[in-house]
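Student: Please take a close look at one part with me, the largest pocket. Which residues line the largest pocket?

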Amino acid sequence: MIAAAALTTALGAYGYTRLTNAGAALVIGTMLISSVPLRRLLKRHDIKISDRGLAAGAVATRGGWRHLGSGVILLSLLMAAGLEGAAVIATDAVISVTTSMIKISVFGLAGVVSAQVLALPF
């Protein structure tokens, strides 16, 4: 799943470096608004997905969409794949850490992350 999402994570991160503030806000808002009906639709139809579907979901949610706070979509995909409880949380955590490292690398190479930006949360 991580391998399926690594390339789109890098491309999605690079795409965000090219957006203006207004453009980023528009993309983020649109995806967040659309994520609620999508999640409810998948749940209502009791969608079950295969390993191939899970990989496709990884590409979408960890690529461009993950920057939009769509962890809820990935969690829904993991549960639709049959994971439950701690397995869902642990899988999401491993994927999040790995893809976050990819994004930080891309942002650093693009020149939008400096040591000052990384130190800001601390």
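Tutor: Start with exposure: buried means under 20% relative accessible area, exposed means over 50%, and partly exposed lies in between (1.4 Å probe, protein chains only). By that scale, A55 is partly exposed, with a relative accessible area of 28%. A55 sits in helix α3 (helices, H or I, have at least four residues, and strands, E, at least two; both are DSSP runs numbered from the N terminus). Its C-alpha lies 8.8 Å from that of A3, although A55 and A3 are 52 residues apart in sequence.

This is a predicted model, where local features need pLDDT of at least 70 and side-chain atom pairs count only at pLDDT 80 or more, while totals for chains, interfaces and linings use all residues. Residues are numbered from 1 along each chain as its sequence is written, and side-chain values use heavy atoms, with hydrogens and water left out.

Now the setting. The protein chain has 6 helices and 0 strands. From the N terminus the order is α-α-α-α-α-α. Of its 122 residues, 27% are buried.

Now the pocket (on a 1 Å grid over the protein atoms alone, an open set of points with protein on both sides within 12 Å along at least five of seven lines; a 1.4 Å probe that fits but cannot get out marks a cavity instead; lining residues have an atom within 4 Å of a point). The largest pocket has a volume of about 280 Å³. Its lining is R39, L42, K43, D46, I47, K48, I49, S76, L77, M79 and A80. Two helices, α2 (21-44) and α4 (71-80), each supply at least two of these residues. Helix α4 gives the most, with 4 residues. By type, the lining has 6 nonpolar, 1 polar and 4 charged residues (Ala, Val, Leu, Ile, Met, Phe, Trp, Tyr, Cys and Pro are nonpolar; Asp, Glu, Lys and Arg are charged; the others, Gly among them, are polar).

Zoom in on R39, one of the lining residues. R39 lies in helix α2. At 34% relative accessibility, R39 counts as partly exposed. Its C-alpha and that of L77 are 9.2 Å apart in space, with their places 38 residues apart in sequence. L77 is also among the lining residues.

For contrast, leave the pocket and look at T9. T9 is found in helix α1, residues 2-17. With a relative accessible area of 0%, T9 is buried. T9 and S100 are 91 residues apart in sequence, but their C-alpha atoms are 8.7 Å apart.

Next comes α5, residues 86-109. In α5, V88, D92, I95, S96, T99, K103 and V106 are buried. An α-helix has 3.6 residues a turn, so residues three or four places apart point the same way. The 24 residues of α5 should span 34 Å at 1.5 Å a residue, and the end C-alpha atoms are 35 Å apart, which agrees. After α5 comes G111, whose phi is positive, near 85°.

How far can you trust this? Use pLDDT, the predictor's confidence in each residue, from 0 to 100. The protein chain averages 78, and 84% of the residues score at least 70. Among the elements, α5 has the highest mean pLDDT, 87, and α3 (residues 51-62) the lowest, 69. Remember that A55 lies in α3. Where pLDDT is low, the predicted coordinates should not be read in detail.

Methods. The expected span of a helix is 1.5 Å times one less than its number of residues. Grid points are joined across faces, edges and corners, and a volume is the space filled by probe spheres set on the points.
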